[in-house]
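The exercises below ask for a reading of helix packing, aromatic pairs and backbone geometry in one protein. Each task is followed by a solution that goes step by step.

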Amino acid sequence: MKSSIYLFFACLLLTATGCPQKNTDKKFKAAAGLPPVAGLAAAIAGDRMEIITVLPEGKTPHDFTPRNETIRKTAGAQIFFTTGMPFENKIASFMKQRAKICDVTAGIERIAFQDGRNNDHHHHDGCSHDDHDPHVWLSPANAIRIAENICAEFVAADPDGKEYYEKNLAALKEKLSALDQQISRKLHPFAGRPFFVYHPAFGYFADAYNLKQRAIELNGREASAADLAQIIKEAKAANIHTVFVQEQFNPRNANALAKEINGVAVPLDPLASNLLQNFEKIADALASGFEGNKK
């Protein structure tokens, strides 16, 4: 089975690229597995590089399999930015012959998956990086480190653009730092409070602002009837009236929980490409949810 999967990817790459070759376009080209990473790369690259995103909008990293068209898009890319997701590792194993593979999470301390259960150190099917939460981009501080790693690769690949890339990086870091302070002020009144989500993607955000994430989905699986009953009990005890559900997942259980607690299900997207806007959206949604929970 494993050999057939690798053969499949090999065939796709041969179809897309023929044989390894340098990018002959005027612009440098880089590819990123995830939209948030691509968004940071684009902010730094400006008009000097073309940035390609592998994961399509609306898809999750858990069960995504790159197809011929997706692989073809990466042809000519000199850099591939990865966070270590399984689908990214598959692509990287074949792109390494023709592109620099950059782990943008270098220097970031990973945290364990937090779903609110007694044991937060569990394996999460299809989205694991050992036993750690892979959603590393979901805090401004981590986004800054990712941006620094991206910039370093751009400078190495295109030394003539060093001043340009570093200027864009400085501007991006200033915006992220200011936003971090703004969010800290907004969420400080709710320190220590739990928020309920469908998929446990917001552990780094919760960790950054002293919040507690509680997930409906457990270990990559839908909550059982017993699990859902326990979650409903906990939500009612905490006077929770808002449930956050990611746009890439079936909202059935989130809607069911919201109905049981006389609340609402609110969409959040951990994979949005514009991180600055998304951090604001997440913070505003959480603050509104906490305010609504006072009812």
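Helices and strands are here DSSP runs, helices being H or I of at least four residues and strands E of at least two, numbered from the N terminus. The model is a predicted one.

**Exercise 1. Give the overall make-up of the protein and place G58 in it.**

Step 1. The protein has ten helices and eight strands, and of its 295 residues 50% count as buried.

Step 2. Among the contacts with a separation of 6 or more, 62% come from residues 24 or more positions apart.

Step 3. G58 is found in the loop between β2 and α3. With a relative accessible area of 52%, G58 is exposed, the cut-off for that class being over 50%.

Step 4. The C-alpha atom of G58 is separated by 9.0 Å from that of F249, although the two residues are 191 residues apart along the chain.

**Exercise 2. Describe how helix α2 packs against helix α5, and determine which residues of α2 are buried.**

Step 1. Two packed helices are described by the angle between their axes and the distance between the axes. For α2 (residues 35–45) and α5 (residues 140–157), the axes come within 9 Å and cross at roughly 55 degrees.

Step 2. That angle falls between the roughly parallel class, under 35 degrees, and the roughly perpendicular one, 65 to 115, and α2 and α5 are therefore oblique to each other. The crossing in which α2 passes α5 is right-handed.

Step 3. On the α2 side the contact involves V37, L40, A41, I44 and A45, which meet A143, I146, A147, I150, C151 and F154 of α5. Divided by character, the residues of this contact are eleven nonpolar, no polar and no charged.

Step 4. Eight of the eleven residues of α2 are buried, so the helix is largely enclosed by the rest of the structure. The buried residues are P35, P36, V37, A38, L40, A41, I44 and A45.

Step 5. Besides α5, the buried residues of α2 pack against β1 (28–32), β2, β3, α6 (162–187) and α10 (275–292). Just after α2, G46 takes a positive phi of about 55 degrees.

**Exercise 3. Classify the aromatic pairs F64 with F87 and F81 with F154, and state which parts of the chain they join.**

Step 1. A pair of aromatic rings is described by the distance of the centres and the angle of the planes. A search of the whole structure finds seven aromatic pairs.

Step 2. The ring centres of F64 and F87 are 5.4 Å apart and the planes stand at 85 degrees, so this pair is edge-to-face, a class that begins over 60 degrees.

Step 3. Since F64 lies in the loop between β2 (49–53) and α3 (68–73) whereas F87 belongs to helix α4 (residues 86–95), the pair ties together parts that are 23 residues apart in sequence. F64 is buried, with a relative accessible area of 13%, and F87 is buried as well, at 2%.

Step 4. F81 and F154 also form an edge-to-face pair, with 5.6 Å centre to centre and 75 degrees between the planes. This pair links distant parts of the chain, F81 being in strand β3 (residues 79–82) and F154 in helix α5, 73 residues apart.

Step 5. The relative accessible area is 1% for F81, which is buried, and 0% for F154, likewise buried. F81 and F154 form one aromatic cluster with Y164 and Y165.

**Exercise 4. Work out the geometry and the composition of the contact between helices α8 and α9, then examine N262 and N210.**

Step 1. The axes of α8 (residues 225–237) and α9 come within 10 Å and cross at roughly 45 degrees; α8 and α9 are therefore oblique to each other. In passing α9, α8 makes a right-handed crossing.

Step 2. L228, I231, I232 and K236 of α8 make the contact with N253, L257 and E260 of α9. These residues divide into four nonpolar, one polar and two charged.

Step 3. Most residues other than glycine have a negative phi. N262, however, has a positive phi of about 55 degrees although it is not a glycine.

Step 4. N262 is found in the loop between α9 (252–260) and β8 (264–268), and at 67% relative accessibility this residue counts as exposed.

Step 5. N210, a residue other than glycine, likewise has a positive phi, near 55 degrees, and is found in the loop between α7 (203–208) and β6 (212–215).

Methods: Residues numbered from 1 in each chain as written. Predicted model: local features only at pLDDT ≥ 70, side-chain atom pairs only at ≥ 80, totals over all residues. Heavy atoms only, no water. Axes fitted to C-alpha atoms, helices over the stretch in contact; angles between N-to-C directions. Parallel < 35°, antiparallel > 145°, perpendicular 65-115°, else oblique. Left-handed = near helix turned anticlockwise from the far one by under 90°. Contact = heavy atoms within 4.5 Å. Nonpolar A, V, L, I, M, F, W, Y, C, P; charged D, E, K, R; others polar. Phe/Tyr/Trp six-rings, centres within 6.5 Å; stacked < 30°, edge-to-face > 60°. Buried < 20%, exposed > 50% of the residue type's maximum accessible area, 1.4 Å probe, protein only.
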